[in-house]
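Open the model in your viewer and follow the stops below in order. Each stop says what to select and what is there.

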Amino acid sequence: MIQFEHATRTYGSKIAVSDLSLTIPSGELFALLGPNGAGKTTTIKMLVGLLRPSGGVIRVCGHDLITETRSAHLHLGYVPDEPYLYDKLTGHEFLRFIADMYRIPRDLSQEYIKREIDRFELHEFANELAENYSLGMRQRLVFAAAFLHDPDVLVLDEPMVGLDPRSVRIVKDLLKSKTADGMTVFMSTHTLAMAEEMADRMGIMVQGDLKFLGTVSELQEQVDVETRSLENLYLEITSRPTGRQKASSNDI
Ligand code: ATP
């Protein structure tokens, strides 16, 4: 479960995320949408502990990210939009490093690393240095690392960028089966079709405010446009004049 309670982040006088209150229960796949500069990456960086909120509290599985950082992080897996790897480590060495970071005992980590190498089909390049990897290979390795400790909460920033169609299918199938088993997924994306296919609920953020929160059918009920494709609904919501009105769902 993820809880944002009045989470705010400013950069100087700029409000990047404004008073965000949102609960995502276990087993939900949540997609955060919004135009460039809306505040999605800032929200995600606060959620994974890379940025400190200027105000409010964020909890992962009940643990406050600021006061119980280590406990919160043990429940989290994170796939950033620009995968960061150590160029002088092989994929296999990188996974071992991540397993050690999560203090997975050596006898188990062997098994977990093999499981992820199989799952993301890394065999062909797991023993090459990461500096030789293509974008898609890097992304697959980062996914493998994020799943290694079987996190309760998975945070994905633009997860499908760089993945080939076969890898996209592997990731989608895995997200579906993991959420069915109770994993919570928080994903930012610009790909509306992906959100429509995968998300239980979505949020649309504009200039740091959540302008909509709910399902696609709730969005269709709320927005009066002739062609009720998600693209038209999204464009209608994001082109409304900005003010500090909030989304009107009971869930926030
Ligand atoms: P995109 O879809 O383009 O990735 P985003 O929704 O992820 O955008 P953010 O990167 O969270 O948006 O940015 C939100 C706002 O905060 C923008 O106005 C951006 O200019 C500003 N911002 C982000 N990072 C910084 C920073 N380090 N210093 C100052 N302003 C920043």
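**Stop 1: the six-stranded sheet**

Select the open sheet of six strands, which has mixed pairing and the order 6-7-8-3-9-10. Its edge strands, strand 6 (76-79) and strand 10 (209-214), each pair on one side only. On average, neighbouring strands of this sheet are turned by 15° against each other, direction ignored. This is a predicted model, in which local features need pLDDT of at least 70 and side-chain atom pairs count only at pLDDT 80 or more, while totals for chains, interfaces and linings use all residues. Residues are numbered from 1 along each chain as its sequence is written, and side-chain values use heavy atoms, with hydrogens and water left out.

Helices (H or I, at least four residues) and strands (E, at least two) are DSSP runs, numbered from the N terminus. Two strands pair if DSSP finds at least two bridges between them.

Next, select strand 7 (residues 153-157) and strand 8 (residues 184-188): they run parallel and are joined by five bridges. Val-153 has Thr-184 as its bridge partner in strand 8.

**Stop 2: helix 9 on the sheet**

Add helix 9 (residues 230-239), which lies across strand 3 (29-33), strand 9 (201-206) and strand 10. Contact here means heavy atoms within 4.5 Å. Helix 9 runs at about 35° to strand 9; axes are lines fitted to C-alpha atoms, for helices over the stretch in contact, and angles run from 0 to 180 degrees between N-to-C directions.

**Stop 3: helix 4**

Select helix 4 (residues 106-119). Its 14 residues should span 20 Å at 1.5 Å a residue, and the end C-alpha atoms are 20 Å apart, which agrees; the expected span is 1.5 Å times one less than the number of residues.

Which residues of helix 4 are buried (under 20% relative accessible area, 1.4 Å probe, protein chains only)? They are Ser-109, Ile-113, Glu-116 and Ile-117. These cover an arc of only 100° around the axis, so they are on the same side of helix 4; the arc is that of the directions from the helix axis to the C-beta atoms.

What covers the buried residues includes helix 3 (91-101) and helix 5 (135-147). On the face turned away from the buried side, look for Asp-107 and Lys-114, both exposed (over 50%). Glu-121, which follows helix 4, has a positive phi near 50°.

**Stop 4: strands 1, 4 and 5**

Select strand 1 (residues 2-11) and strand 4 (residues 55-60), which run antiparallel and are joined by five bridges. Gln-3 stands opposite Arg-59 in strand 4. In strand 5, Arg-59 has Asp-64 as its bridge partner.

Finish at the hairpin of strand 4 and strand 5, with two residues between them. Cys-61 in the turn has a positive phi of about 50°.
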